[in-house]
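Let's take a walk through a protein model together. Keep the picture open while you read, and turn it around as we go.

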Amino acid sequence: MAQDKPRIILRTEGLANPRALKTYIEHAEGYTAIKKVLGGAVTREQLIEEVKASGLRGRGGAGFPTGLKWTFVPQSDTGPKYLICNNDESEPGTFKDRHICTVNPHQVIEGMVLAAFAIKANKGYIYTRWEFQEEIGYLVEAIKEAYAAGFLGKNILGSGFDFDLDHYSGAGAYICGEETGLISSLEGKKGQPKVKPPFPAVSGYLGRPTIVNNTETLANVPWIVNHGAKEFRQYGTEKSPGSKLFSISGALVRPGVYEVPLGYPFERLVQEECGGYLPGRSLQALIPGGASAPLLTPEEVKGLTLDYEAMASRGTMLGSGAIMIIDDRQVLAELLKVTIEFFAHESCGQCTPCREGTGWLNNIMDGVLGGTAKPDSVERMRTVAKHMGGKTICALSDACAMPVTSYVQKFSGQLQAYLAQAAAAGSHVK
Amino acid sequence: MSEATQGSVETVTFTLNDREITVPKGTTVMAAARLKDVYIPHFCWHPGLKIAGVCRFCLVKVDNRPKLEIACNLTATPGMKVSSVLPEVKEAHKWALEFHLVNHPLDCPICDQAGECKLQDYYMEVGKYKSEMDRPKVLKPKALDIGSELVLDTERCILCDRCVRFEEEVTKTGALGIFNRGDRAVVGTYPDKKIEHNYQDNLVDICPVGAFTSRDFRFKQRVWFLKDKPAVCPGCSTGCHVDVYAKPQVRSYFRLKPRESAVNGFWMCDKGRNTYKHMNQEQRLRFPLVAEGSVARRKTTVDEALAALVGRLLAANKEDVALLVSAQYTCEEYKTLFDLFVVKLGVSKVYQWREPTEDLKAFDGLLYRGDHNPNTRGLSEALKAAGLPSEVNNGFDELVRQAPPLVIALGPEVAFQFPSLPAQLKQLEQLPFVSLWTIDGAAANYAGLKHLLPMKGFAEKRGHYLNFEAKVGELADPFPAGSDDARDVTEVVAALGDLFAHSL
């Protein structure tokens, strides 16, 4: 029987000097996985197979199988290939990758060496959002240590395998967390997603094959190499194996970042890890996977487990694991306005439905809260959101449309109250 | 099947709107649709530019795939079944257009694009008619001075990115970018920079809306009053295929636009666009001007003018007659001219009239060539056919030195490409007698020129030019001449031939 609460990622959390290379080596099997792989005990193909067998899914939000993604790099191509760690963590409500950078950055670096070996990349970048200045410092320090110890650079551990790793940061934009937006930014261009196909695995950074993996995803790889896919699968569910970091915020006694197995009951996370709700507060709505995830009602939250399938069955998503507790004191209409405003501000502006749709929804919400919106505005928001979905290069348009749709469907009462008030006062636009 | 087995090009066959279509492998659904005359609505896709995939208008449904996909970036695969007409696709098109119109100012009554605007066209075709937008619009900068030929209205702009790609891919200047994000995004130049190249008006052409307007054309005419006919640009030896836009009932020309061809692709240069102006009333020579004996130069009829010329020719020895010929007339005109003068009348002094400062080898790498004549090759071939020296040279100075008693001069049609023309006309004034055939109204200012015949412009006659690489450009569908007295060389020569026949 596996441990109830595995430590796959946050292995050095709580230790003195958790970020130090020494700590990682002494307490978290640090850099033993690359010794195993680069020492020849595991071939490139075996490594990919093991990660595929582990069922590891991308932890950035989309949940795409990691091992499968690696196989998309055309191995007939002998030119340069790139590995990028997506440490942009821009989804509102998410703060788990910065926690990894704070407590265990070396495991990300080791994961990158392994992933790079798997896809035959000799150059990698960690792309961190601008706002994480402290964490950027931790990463740069860790990279320096790893180079000094011979875990990065030319001929790592005498294996003949070269892997150079740099850190890069954009100017701070939500859309640079989308992998092709990130690549544009890394290329020195305006951070906007690229039309697909071609996909980055075939034509990414500088037009070369590129794999972009999330920080947490990469941090899983050393553990899988050391312990095997079978042991990894002892945690989590059939379709969502392993552990997951959840960044949980809101009116809780101990909000924060927690590593629990996928499939963990939501209520248990709230009660055991987070110490329950703050006194006198109760759940009004739940945002289970970042600002772009459809909201759940307290009724829908009953019996909710934290895995990809349970979320999908309720019409929402696990996303990056950003759980936001919306308690009964929050004004949902204002929350919706803030959410829409965020996406309207962050839309890169290239696809018409997103550029115009996010701004339009924001415009309507201004009217709703300001008492100038027409009485049928809620219905209008529903239609606008509907036609913004699934029609753009990246998912930002959907990310704005989904919460709007769920809000209008499940919580329209508050919006209607605003509209009724405006109608009674005669202030709405006729 | 026959198409697939012919030649070496590998093909794929797929179904578009229940119609089987075979196209070369790698063709996108959008390009295939264009090849087969199926129209899929779009703003950002342009056959001469790379794929941007941003307007999200060309959505189509592929059988057994969950989401609608954009036709411009969808490669056709064997057996694929695509629809651009299903109700869900039509609904998507309606909404794609609605999103484009949300912040569009709808100032069609004062917009030059009105009548040839894709927003208007699609509104009629797939519009929702009842707009859902009832909120204040986003306002953006208007009437921006962005280049010598251009005015930009960022509020009308739908951010299709065509202009940005044109500047990156075609002129390679990268002069334009899209700045800011979301619904605050605007197209523009970099700080303190303007667009300075010779291809600016292509931005007006490819702009599907009225964001880029032409300084030359704006506020002059509603496009639905214009008639367009195909022609060939006379501005240089590339010979871009063009459409000439005119309002024949008032004998006015308004603009030239490129017509897609193997010669010029989709583009033409700004210099070439100006080659309609000399055909307008205020610039052209509208009637013959003749000085006869002691009678001062006066306006005459064409018949009188030709009779006077024939009289002079009959009185002259053939050794006294010389032709001065610019390379801006058609192959047919040269042939009839040389048939009469060289073959029949035995005139042997034929001089080429070229601009002395021209640089024949110059080329801007895109379209514009240093030889500013549309038919240098045609003139050479006609000279050769007439048994005369045919290599390109400038015989103007030699003619002036020889000062033959009777000169027939075919003046350049596009005078602005001949910066030395005023000086050269002054020199011609000094010669005993010059019959200048020209469309250039400025020639009338040279009182010493005793015989001026008004000519037709390139859009007013039939014939062919041979461009720098001997590709044929055809003038096939002329507008009525801008002046009743205007003739082409063939007509003048035919009339002269008749007069000779009667006189002999």
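A pocket, in the sense used here, is an open set of grid points with protein on both sides within 12 Å along at least five of seven lines. Bear in mind as well that you're looking at a predicted model.

With that idea in hand, go to the second largest pocket, which has a volume of about 1100 Å³. Its lining is made up of 38 residues, and those nearest the centre are A:Lys189, A:Gln192, A:Lys194, B:Asp161 and B:Glu168. Which elements give two or more residues to this lining? They are α8 (179-186) of chain A, together with α5 (162-170) and β8 (176-179) of chain B. Sorted by class, the lining of this pocket has 18 nonpolar, 10 polar and 10 charged residues.

Let's stay with α8 of chain A for a moment. This helix is mostly covered, with seven of its eight residues buried. Among the buried ones are A:Leu182, A:Ile183 and A:Leu186. What do they pack against? The buried residues of α8(A) sit against four strands of chain A: β1 (82-87), β2 (123-128), β3 (164-169) and β4 (210-214).

Now follow the chain out of the helix. Just after α8(A) comes A:Gly188, with a positive phi of about 90 degrees. Further on, in the loop between α8 and β4 of chain A, you'll meet A:Pro197, and A:Pro198 is in the loop between α8 and β4 too. Look at the peptide bonds here: A:Lys196 and A:Pro197 are joined by a cis bond, with omega about -5 degrees. The bond from A:Pro197 to A:Pro198 is also cis, and its omega is near 5 degrees.

Chain A has a couple of other backbone spots to check out. A:Asn17 isn't a glycine, yet its phi is positive, about 45 degrees. You'll find A:Asn17 in the segment before α1 (21-27) of chain A. Is A:Asn17 buried or exposed? With a relative accessible area of 59%, A:Asn17 is exposed. A:Asn155 has a positive phi as well, near 50 degrees, and belongs to the loop between α7 (133-148) and β3 of chain A. A:Asn155 counts as partly exposed, because its relative accessibility is 40%.

Time to hop over to chain B. The domain assignment splits out domain 1 (2-100), domain 2 (132-224) and domain 3 (289-503). Between the C-alpha centres of domain 2 and domain 3 of chain B there are 42 Å.

What about the nonpolar interior? The largest nonpolar core has 90 residues, and the ones touching the most other members include B:Phe14, B:Val29 and B:Phe458. Helix α3 (residues 87-101) of chain B brings the largest share of this core, five residues. Apart from it lies another core, of 57 residues, with A:Leu114 and A:Trp223 among them.

Last stop: the enclosed spaces. Rolling a probe the size of a water molecule over the atoms shows where empty space is left. The count here is 10 cavities of 30 Å³ or more, and the largest cavity holds about 220 Å³ of space. It is lined by 19 residues, with B:Asp201, B:Val204, B:Ser214, B:Phe217 and B:Arg255 closest to its centre. Four elements of chain B each supply at least two lining residues: α6 (201-206), β10 (212-214), β13 (252-258) and α7 (270-273). By class, the lining of the largest cavity comes to five nonpolar, four polar and 10 charged residues.

Technical notes
Residues numbered from 1 in each chain as written. Chains lettered and ligands numbered in written order. Predicted model: local features only at pLDDT ≥ 70, side-chain atom pairs only at ≥ 80, totals over all residues. Heavy atoms only, no water. Core = buried A, V, L, I, M, F, W, Y, C linked by side-chain atoms within 4.5 Å. Buried < 20%, exposed > 50% of the residue type's maximum accessible area, 1.4 Å probe, protein only. Domains from an automatic or database assignment. 1 Å grid on protein atoms, 1.4 Å probe; cavity = no way out; pocket = protein on both sides within 12 Å on 5 of 7 lines; lining within 4 Å. Points joined across faces, edges and corners; volume = space filled by probe spheres on them. Nonpolar A, V, L, I, M, F, W, Y, C, P; charged D, E, K, R; others polar. Contact = heavy atoms within 4.5 Å.
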